[in-house]
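Biologist: I would like a close look at a single part of this complex, explained step by step for someone new to structures.

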Amino acid sequence: MNITNALDKGEARRQRWKARSRYWKDSLTLWRRNRLMEVGTGIIVFFLLVAAFAPLLATHDPYEQILSDRLQQPSMQHYFGTDSLGRDIFSRVVFGSRVTLTIAFLVAAISTPLGLVIGVLAGYFGKAIDEILMRFSDIFLAFPKLILAIAFAAALGPGVENAIVAISIANWPSYARLARAETLSVRNNDYIQVIRSMGASNLRIMVGHITPMCMSSIIVRLSLDMGTIILTAAGLGFLGLGAQPPVPEWGLMVSDGRQFLVDQWWVSTLPGFAILIVVMGFNLMGDGIRDILDPHQRQS
Amino acid sequence: MARYILRRLVTLIVTLIGIMVVTFFISLVVPLDPLASIAGPQAPQETVDRLRILYGFDQPIYVQFGRYMNRLLHGDLGTSFQTGRPVIEDILQYFPATIELATLALIISIIVGIPLGVLSAVYRNSPIDHFSRVLSLIGVSMPVFWLGLVLLLIFYFKLGWFPEPGRLDIMLIEPQRVTGLLLIDSILALDWEVFWDALKHLALPATVLGLYGLAGIARIVRSSMLDVLSQEYIKTARIKGLSEFLVLTRHALRNALVPAVTVIGLTYGGLLEGSVLTETIFAWPGLGRYLATAFLTLDLNAVVGGTMLVALTFSLANLAVDLTYALLNPKITLAEQ
């Protein structure tokens, strides 16, 4: 590219467009090459569709209690049987996908931006700010994530919203760490110096030129974490510290069925199976995304 | 090396103070009045007020915080509202059971995880590699509480191969408490019946926890083993005519295990958190179940004390990992100077 081209805006836009479409095409090739990732994406898309069309898929009202029909075996009437209050477990699992996916996506939407802001600030300004912010996040990292989430969920009081806040509190430090490391690695690059000498403000540099560089590793990390987030939420529900009855949350449903485990195995095990599948889907997809965004992988 | 250890110890102390602050913060955000639950719903206002003064909740926050830190620094964790005993006593009673469970789980995951990782690296893309990949995937994706229930259903209720949840058969008498670890105490007391029974009780919960740990260990050993096997010195060792077994164990595995050390440390932390759920299912009288109950009943002192102990154990495990790592890989301490 010669200098006249570089200054020509139309040409620059075309070049950028070309580079981007090549990037996405490469990604698609890598995605197609990875059979497991296809499976993972398939599972996630499946659950997203189930969540979206839950009212159409559910055969019964997930909240309706028909006590005369309690603890029925799986049958054509009730695909997954009924629970101790005569509610249709299949419909509850279907609607439960909404609860689980909402928790997972909201935790992602809260904890990643938070970690990103703190990490970029720490990495960009360095010195005292870095020291303070990183010691602060170290403290949170000193707790096992689940324990911290449980502690906050218990303190804030049970409920889906509080579970989301609690899991986010436990999750942001790892993203802050990552964003800081990425920021440190690009902070002194020539291109940042050039932008700065052109008079860009700190805010502009951080938002426009450093944050995008952190995105790919944050996305990889987040996609690998999604499964853990769901497991944590389900664990909270199971312990009675997350979603509360009668919300059709999978962890809570497993817990509800515990006392009927011996004779009515389906009450507890089938909702748990749904957790296993969706987490597996996220883990498979996360591994795949890591491979796709990994520059070493791209070379080949 | 000395400097490195010193620096890590200083960081540990800073972290510990931070842990105390966070746990204090946790007890602050509780919206419900914990006193109301101690006194009971029918308690007259004056009883609640007296309790408030007794527990110091009437003081401003900074005074409460000062008292709290003072208490902790003197090793006083307060009294559990639930059991009415000092939290420290409760913890000392329950913690060994958790240590026993988590350690056995870690041993299981190391004994199975490392050979599995090695085999799947050596026989890459063979059935054993696929098997280990699937097992790892299931290990990290399985909700521990669900796996616990399923195993109980199959092996206790249906097949009857393993004993009921709990730590020991009701009919057996616990050996004299020395370490609090039943396996060790029973050996010391030469009580083989108790030893065998305790082991059988441990088997299911330790397997549940171990599967979780195994996944991470097998994965990291596989990838670092693949890394090492492509190195030149492995080729040299082979050219020298060493047997494949020696090449793998003496030359490859030794270096491949260095990154595994980190994962093993992290796994121990994961086992601690997993114990909250696993112990709840297996009625395991350990710290995890104690914590879960404390969280549910908002037994504040127990929550604070238990959480702090878990965080402390977790931090110490991390420190141990870092030190071992530094010992195995001199580059880290060299970078320090």
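Biologist: What is the mean pLDDT of chain B, and what percentage of its residues reach 70 or more?

Modeller: The mean pLDDT of chain B, where pLDDT is the predictor's confidence in each residue from 0 to 100, is 83, and 95% of its residues reach 70 or more. This is a predicted model, in which local features need pLDDT of at least 70 and side-chain atom pairs count only at pLDDT 80 or more, while totals for chains, interfaces and linings use all residues. Residues are numbered from 1 along each chain as its sequence is written, and chains are lettered from A and ligands numbered from 1 in the order in which they are written.

Chain B has 14 helices and 0 strands, these being DSSP runs (H or I, at least four residues, for helices; E, at least two, for strands) numbered from the N terminus. Within chain B, confidence is highest in helix α5 (residues 87–122), at a mean of 90, and lowest in helix α14 (residues 331–336), at 62. Where pLDDT is low, the predicted coordinates should not be read in detail.

Turning to the partner chain, 38 residues of chain B are in contact with 37 residues of chain A, contact meaning that the C-beta atoms of two residues, placed from the backbone, lie within 7 Å. Several helices of chain B each supply at least two residues of the side that touches chain A, among them α1 (2–29), α11 (244–281) and α13 (300–328). For the complex, the predictor gives an ipTM of 0.84 and a pTM of 0.87.
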